[in-house]
Amino acid sequence: MFNLIRRDLILQKKLLLIYLLMVVFFIMMDKHPAFTFLIASILIPFNTYTYDERAETNILLNSLPYTRKEIIASRYLGAIAYMGVGMAVASVALFVFNKPFTLTDMAIGGGLFLVFASFTFPMFYIFKPGYISTVVLISFLVLSAVGPSVFMFFAERLTIISNFIASLSMPVLYMGATAVIIVVYAVSWSVTTVIYQRKVF
């Protein structure tokens, strides 16, 4: 399974410089550090899915001595591994450009990536290949643009929930958010595994 994770990096080694330049671009555009960490986390995992979608790699993967559970596990574990790599690179880039950031920024960026991945990874196995990458990209751009406004809209109107969240201490809030993200990611992993096991290639 480790070889499947390593395969993603090998396939995209020629694009790593472009990924770095994209991270630098968002830093120079003075985007929030959490958004920069999100972008850095998302590049390798989603480009892997895009490549596999175009090359129909799943047919090849299913001819190799890996179970379908291992293939999906490599996707989800690989996403976490490359999220860590991306965030490390983003941290160094932010430090080089003297842009301040905190561990909270990293946690928010990583959390948003895991939630977004949880909802989009299954799509690559549910829908017909050819358009999924475009839909995911558009969805990401739309959520990035309107997500904060929508969140503030509901926060202002659902005051009971907002007040309850505001009353929580920061450690409890972080632990609760972490638990929710882990559960969502685990459920997504399970759902994708079931879908992939039943899919005919």
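This is a short tour of a predicted model, going from its largest nonpolar core to a surface patch and a salt bridge.

Start inside. Select Val-23, Phe-46, Phe-113, Leu-114, Phe-121, Tyr-125 and Tyr-185; among the 34 residues of the largest nonpolar core, these touch the most other members. Now colour the helices that each supply at least two residues of this core: helix 1 (2-11), helix 2, helix 3 (33-55), helix 5, helix 6 (103-120), helix 7 (123-126) and helix 10 (170-198). Helix 5 gives the most, with 10 residues.

Stay in the core and centre on Tyr-185. Leaving aside residues up to four places away in sequence, Tyr-185 touches Tyr-76, Ala-79, Ile-80, Leu-114, Ala-117, Ser-118 and Phe-121.

Next, go to the surface and select Leu-17, Leu-20, Leu-21, Val-85 and Val-89. These residues make a nonpolar patch of about 420 Å². Helix 2 (16-28) and helix 5 (68-96) each supply at least two of the patch residues, and helix 2 gives the most, with three. Pick out Leu-20, which lies in helix 2. Its relative accessible area is 35%, so Leu-20 counts as partly exposed.

Last, show the side chains of Lys-99 and Asp-30. They meet in a salt bridge, with an N to O distance of 3.6 Å. Lys-99 sits in the loop between helix 5 and helix 6, and Asp-30 in the loop between helix 2 and helix 3, so the pair ties together parts that are 69 residues apart in sequence. Lys-99 is partly exposed, at 28% relative accessible area, whereas Asp-30 is exposed, at 55%. A search of the whole structure finds one salt bridge.

Methods:
Residues numbered from 1 in each chain as written. Predicted model: local features only at pLDDT ≥ 70, side-chain atom pairs only at ≥ 80, totals over all residues. Heavy atoms only, no water. Patch = residues over 30% accessible without salt bridge, like charges linked within 9 Å, V, L, I, M, F, W, Y side chains within 5 Å. Areas by Shrake-Rupley, 256 points an atom, 1.4 Å probe, with all protein chains shown as cover. Salt bridge = Lys/Arg side-chain N within 4 Å of Asp/Glu carboxyl O. Helix = DSSP H or I, 4+ residues; strand = E, 2+ residues; numbered from the N terminus. Buried < 20%, exposed > 50% of the residue type's maximum accessible area, 1.4 Å probe, protein only. Core = buried A, V, L, I, M, F, W, Y, C linked by side-chain atoms within 4.5 Å. Contact = heavy atoms within 4.5 Å.
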